[in-house]
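Visitor: I should like to take a close look at a single part of this structure. Please show me the model first.

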Amino acid sequence: MLHVENLVCRYGKIEAVSGISLDVGEGQIVALVGANGAGKSSTIQSIAGHVLGAEGRITLAGEDITALPPRERVRKGVAIAPEGRRLFRDLTVHENLSMGGFCRPREREAANLKRVLDLFPRLAERIHSRAENLSGGEQQMVTIGRAMMSEPRLLLIDELSLGLMPKNVDLCYEAILRLKREGLSILVVEQNTTKALQVADHAYVLSSGRLIWKGTAAEARDDPSVIQAYIGSSAH
Amino acid sequence: MKLIWELALQGLLNGCIYALIAVGLVMVYGLLRVLHIAHAGLFTLGAYVSLVVTNATGSLALALACSVITVGLSGIAIYRFCYEPILSRPPYVVLIVSIGLFIMMEEIFRIVFGPYGLSYLKPPLQERFTILGTGITAAELSVVLITIVLFATLDAFNRFTRIGIASRATVSDPQMASSFGVDIRLIRDMTFFIGSAFAAVAGTMVGVLNNLVEPTMGSVPSYKALAIIVLGGMGSIRGALASALFLGLIEAFGTTYLGTLLDRDAIAFTVLLVVLMLRPAGLTGKKT
Ligand SMILES: Nc1ncnc2c1ncn2[C@@H]1O[C@H](COP(=O)(O)OP(=O)(O)O)[C@@H](O)[C@H]1O
Ligand SMILES: [Mg+2]
C-alpha cells in the first residue's frame, strides 16, 4: 500500500531522517518505534506531506504522491492522527469529525460519522462538546475518528498511546485492530514498544534518523533483546 | 429619561458601526495574526463607491451592492499582492506594509475625490420614525437592522456551513485543516472578502448618516477598531461585537457626562486601559 524510498528530512542543517525506506502492506499494521528524537514524527509528517523539502520517493498503491501537497494526499487516501493530536480546539467533536471528511462528498458524511461513532461509542455522548474540553482519551478517539472520516486507505498514527490511561490505550488499540480487519493499512509510531508489537505485523526500529532493525513483529516479540538492544539504552 | 434613550440609541449606532468595521480586523487577525490597518482604507473606499454610484444612479441599494463587491475584491487584492508575499516575515513587516497602504489609500482618495469631502445630492433614508418616544431616522434604523442581520448571517455561516466550519478550523490549525483537504488560500480570500464587505457596509452607512464622505474618515475607526479587538480578546467575533457595543455606549454616555473632562476618543481609550488592567485577556477573554 505504502512504499517509502530513501526518505531524507532536513530542518535547516539538522538532518532528522537520513534516507530510510519502509513498506506498509495492504491491511497491515506496521509499527515504527524508536527513542525520542529518532525521527519518527518527521517520517510520518513527510508521508502526510507536511515536511517541506523532504527528499525521496513516496508511493501509495503504486502511485507516486511525493510531489502532492497534503490536501491532495488526503484525497488519495492518506490520513494522519498526528502527535499532540492537533484537534481543532474551538470546534465541537461533531465539527472536528466533519472537517475530517472535508475532502469527501457531503452525502457520505452521515455514513462515515456513524462508522466512527460505532468504533468509539463514547464520542456519541460528547458529540457537541468542544474538543478542548475532552479528556485525553476522548481527544485521541476524535483524532483517529477525524482521520477515519476522510475514508483513508492508509492511516498514520503518531504516538497512539502517549499520555493516555491504560484503559483508553486498550480502547484505541482495539479500534485499530478492528480497522485493520476491515482492510485498512496502518502505520503506527509508538514509544510504547510492547503494546505496538502486540498488534503489529511488521516493525521498524529507528535511531538517529536511520533504520537499524526491521522484521516481523513476531520476531521482535520473540526476541525482545532485538529491540531493547537498540532503544533500551537510549529510551528514558 | 428622553436623554438616556437618545444616548443609548447613539451608543448603539456607534457600536454597530464599530462592530461592522472591527469584524474584518478580527477575522484577518485570527487567520494570519496580522493587524490589517489598511482595512480602514477599505471602509473609506466603501463610502466613496456608494456615494458616487448613488449620486449617478439614484439607487442606494445598487450602490451598496457595487460597494460590497468592489471593496470585497479590493480586500482580496490587498491580501494577494501585499500580504501573501511577505507572510513568512515577522508580523511587524506586514504591519508596516499595512500602515503604508492605509496612508497611500488616503492620499489616493484625496487626489481622486478632492480633499474636502463629498455629499449625497439627494441624501437617502431621511424618513423619520418615533420609537419609544425617541425620534429615529430610516438611516439610523437601517444601521441597527443591517448589523443584526449581517452578524446573525455570519454566525450561521460559520457554524452551519461546511466552508464556514472549515474557516474556523483554519483559524485553529491551518496545517491540519489543509491536511484534511481545506484550500487555505480560498479560506483567506473568502475571509478578506467577507471582512471587507462588512467594512464597505459600515463606510456606506457612515457616509449616509453624516451625509459626508471624506478622505480621512477612516483614521478614527482604524484605531478605534484596534481598541475593540483588543477589548474583545483578539480573534473572537462575538467578543468584538460585544466590545464594539460596549465602547459605543460608553462613548455616548461618557461624552455627555464627562465631556468637559475628556473628549470621546480619550474616554474610549481610558476605558480600554482600565479594562485591560482588570482583565488582560479582554472583556470576554478567558482568564489564563
Ligand atoms: N520542526 C522542526 N524544526 C527543527 N528541528 C526539528 C523539527 N522537528 C523535529 N526536529 C528535530 O528532528 C529530530 C527528529 O525529531 P522527530 O521526528 O520529532 O523525532 P521523534 O518523533 O522520533 O521523537 C529531532 O532532533 C528534532 O529536534
Ligand atoms: Mg515524535
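Which residues does B:Leu20 touch, not counting residues up to four places away in sequence?

Guide: The model is a predicted one. Not counting residues up to four places away in sequence, B:Leu20 touches B:Thr147, B:Leu150, B:Phe151, B:Phe198, B:Ala199, B:Val201 and B:Ala202. B:Leu20 itself belongs to helix α1 of chain B, which covers residues 2–32. Is B:Leu20 buried or exposed? Its relative accessible area is 1%. Buried means under 20% relative accessible area, so B:Leu20 counts as buried. One of the residues that it touches, B:Ala199, deserves separate attention. B:Leu20 and B:Ala199 are 179 residues apart along the chain, yet a distance of 6.0 Å separates their C-alpha atoms.

The setting of this residue is chain B as a whole. Chain B contains 11 helices and two strands. Read along the sequence, the elements follow the pattern α-α-α-α-β-β-α-α-α-α-α-α-α. The two strands thus come after four helices in that pattern. Among contacts in chain B between residues at least 6 apart in sequence, 74% join residues at least 24 apart. The pair B:Leu20 and B:Ala199, at 179 residues apart along the chain, can be read against that background.

Burial can also be considered for the whole chain. Of the 288 residues of chain B, 50% count as buried, and B:Leu20 is a buried residue. For 288 residues, a compact globule would have a radius of gyration near 19 Å, and the 19 Å of chain B agrees with this. Along the principal axes, the C-alpha atoms of chain B fill a box of roughly 55 × 50 × 35 Å. The accessible surface of chain B is about 12700 Å², and carbon and sulfur atoms hold 70% of it. As for charge, chain B has 18 positive and 14 negative charges, whose mean positions are 8 Å apart.

Chain A may be placed beside this picture. It has 10 helices and 10 strands. Buried residues make up 55% of its 236 residues. A compact globule of 236 residues would have a radius of gyration near 18 Å, and chain A, with 17 Å, agrees. The box filled by the C-alpha atoms of chain A is roughly 45 × 40 × 30 Å along the principal axes. In chain A, residues 24 or more positions apart account for 67% of the contacts with a separation of 6 or more. The accessible surface of chain A comes to about 10000 Å², with 49% belonging to carbon and sulfur atoms. The mean positions of the 29 positive and 28 negative charges of chain A lie 3 Å apart.

A buried residue can be examined in chain A as well. A:Ser42, in helix α1 of chain A, is buried, with a relative accessible area of 9%. Leaving aside its neighbours within four places in sequence, A:Ser42 is in contact with A:Cys9, A:Tyr11, A:Ala16, A:Val17 and A:Val51.

Helix α1 of chain A also supplies a residue to a metal site. The protein donors of the magnesium ion (ligand 2) are A:Ser41, through OG, and A:Glu83, through OE, and they lie 2.0 to 2.7 Å from the ion. A:Ser41 lies in helix α1 (residues 40–48) and A:Glu83 in the loop between β6 (78–81) and α3 (93–100), so the pair ties together parts of chain A that are 42 residues apart in sequence. A:Glu83 is partly exposed, at a relative accessible area of 35%.

The loop between β6 and α3 of chain A also holds A:Arg86. A:Arg86 is partly exposed, at 24% relative accessibility. Its phi is near 50 degrees, a positive value in a residue other than glycine. Most residues other than glycine have a negative phi. A:Ser208 likewise has a positive phi, of about 45 degrees, although it is not a glycine. A:Ser208 lies in the loop between β9 (202–207) and β10 (210–216) of chain A, and it is exposed, with a relative accessible area of 57%.

A last pair offers a contrast in distance to the one described at the beginning. A:Glu174, in helix α7 (residues 166–181) of chain A, is exposed, with a relative accessible area of 52%. A:Glu174 and A:Ala218 are 44 residues apart in sequence, and their C-alpha atoms are 19 Å apart in space.

Conventions
Residues numbered from 1 in each chain as written. Chains lettered and ligands numbered in written order. Predicted model: local features only at pLDDT ≥ 70, side-chain atom pairs only at ≥ 80, totals over all residues. Heavy atoms only, no water. Donors = N, O, S within 2.8 Å, 3.2 Å for Na, K, Ca; no water. Buried < 20%, exposed > 50% of the residue type's maximum accessible area, 1.4 Å probe, protein only. Rg over C-alpha atoms; globule rule 2.2 N^0.38 Å. Contact = heavy atoms within 4.5 Å. Areas by Shrake-Rupley, 256 points an atom, 1.4 Å probe, with all protein chains shown as cover. Lys, Arg positive; Asp, Glu negative; His and termini not counted. Charge placed at Lys NZ, Arg CZ, Asp CG, Glu CD.
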